[in-house]
Amino acid sequence: MPFIQKEDATIYYEVHGEGFSVIFVHGGGGNTLCWFQQVPYFSRRYKVITVDLRGFKNSRCDPQYAHPRYYPDDIRAIMDAEGITRAAFVCQSLGAWAGLPLAVREPQCVACLFITGSPTPAWSEQNWQVLRRGGDTFNSGKFGSGGVGWNREFMEKNPQRFFLYSQIRLLNGPFDARTMQDDELKLYPEDFKAYRVPTLVGGGLHDDFLTPDSHLHVVTLIPGAQSYTFERAGHSPYFEVPDEFNHVLETFLSGNIDGQA
């Protein structure tokens, strides 16, 4: 599997299938393995690229360089290595700190953007309140504990899958979620004045790690964005309700990248 060697980090990624490129970027509890319910499905039609963000699983760096400020450039380095000039992005939670800045600053590189379970770095005081609370919960180790962030019914019926999620997460290095709140990462309303990238922001009705309706506020911060509520999911619909997630994502991709080279 490929690596990108940068001055301050080694970035790991995987490529599956052929076709238009779709880049999957995980959240704070994930890595390349978390997309096991998406890669076989979408690689039948697309070139699927999954990434370990720096500091997660196989992407190694010193702790001071495990910061979200580097994510967009790391993704661009992967695109350059693969000869990709334009791709669709699927970003879960923390992954939006890679995808949304790229969509804002280099829209020619982003065909469309699908975000789930994420406050995103789009700034508003309301959004930052959600982000602060979520960051404190993550850093305290309470995410997942007692079912925080999950549909409790899913946990009760699928203890083995919840265990699998926990084991995938343990492969990662430490991450300080407070770094997501740094001023330099904020995307202000003026940053979105020319925003034209087709964007969908989804969220789970049972997401008490953030809030069940935080995604509905986020779409008001991103011009033209659409919303979708996963009524049976918590923070991680790609993991909890993969069939629904894949169907919604496939519809979004088909409507925005079919026919593009």
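Modeller: Before we look at single residues, one term has to be fixed: a residue is called buried when its relative accessible area is under 20%, exposed when that value is over 50%, and partly exposed in between, with a 1.4 Å probe and protein chains only. The model is a predicted one, in which local features need pLDDT of at least 70 and side-chain atom pairs count only at pLDDT 80 or more, while totals for chains, interfaces and linings use all residues. Residues are numbered from 1 along each chain as its sequence is written, and side-chain values use heavy atoms, with hydrogens and water left out.

Biologist: Then why is F42 called buried?

Modeller: The relative accessible area of F42 is 1%, and therefore F42 counts as buried. Y41, by contrast, has 27% relative accessibility, so Y41 is classed as partly exposed. Over the whole protein, 60% of the 261 residues count as buried.

Biologist: What makes the rings of Y41 and F42 an aromatic pair, and of which kind?

Modeller: Rings of Phe, Tyr and Trp (for Trp, its six-membered ring) pair if their centres lie within 6.5 Å, and planes under 30 degrees apart are stacked, those over 60 edge-to-face, and the rest tilted. This rule gives 24 aromatic pairs. For Y41 and F42 the centres are 4.8 Å apart and the planes stand at 70 degrees, so the pair is edge-to-face. W150 and F162 are also edge-to-face, because their ring centres are 5.2 Å apart and their planes are at 90 degrees. That pair links distant parts of the chain, 12 residues apart, with W150 in the loop between α4 (125-139) and α5 (152-157) and F162 in helix α6. W150 is buried because its relative accessible area is 1%, and F162, at 17%, is therefore buried as well.

Biologist: How do you know that R44 sits over the ring of Y41?

Modeller: The rule asks for NZ of Lys or CZ of Arg within 6 Å of the ring centre and within 35 degrees of the ring normal. R44 lies over the face of Y41, at 4.7 Å from the ring centre.

Biologist: What makes the contact between D8 and R54 a salt bridge?

Modeller: A salt bridge needs a side-chain nitrogen of Lys or Arg within 4 Å of a carboxyl oxygen of Asp or Glu, and for D8 and R54 the N to O distance is 3.1 Å. D8 is in the loop between β1 (3-5) and β2 (9-16) and R54 in the loop between β4 (47-52) and β5 (60-61), so the pair ties together parts that are 46 residues apart in sequence. R54 has 1% relative accessibility and is therefore buried. Both residues belong to a network of salt bridges that links K6, D8, R54 and D74, and the structure holds 14 salt bridges.

Biologist: Which class of exposure do R152 and D208 fall into?

Modeller: R152, with a relative accessible area of 34%, is therefore partly exposed, and D208, at 31%, is likewise partly exposed. These two side chains form a salt bridge whose closest N and O atoms are 2.9 Å apart. R152 is in helix α5 and D208 in the loop between β8 and α7 (214-218), so parts 56 residues apart in sequence are tied together.

Biologist: How are the helices and strands that you name told apart?

Modeller: They are DSSP runs numbered from the N terminus, where helices are H or I of at least four residues and strands are E of at least two. The protein has 9 helices and 9 strands.

Biologist: Why does the radius of gyration agree with that of a compact globule?

Modeller: The radius of gyration is taken over C-alpha atoms, and the globule rule is 2.2 Å times the number of residues to the power 0.38. With 261 residues the rule gives a value near 18 Å and the protein has 17 Å, so the two agree. The C-alpha trace spans about 45 × 40 × 40 Å along its principal axes.

Biologist: What is unusual in the phi of T120?

Modeller: T120 has a positive phi, near 65 degrees, in a residue other than glycine. T120 is in the loop between β7 (110-116) and α4, and, because its relative accessible area is 0%, T120 counts as buried. K57 also has a positive phi, about 45 degrees, although it is not a glycine, and at 9% relative accessible area K57 is therefore buried.
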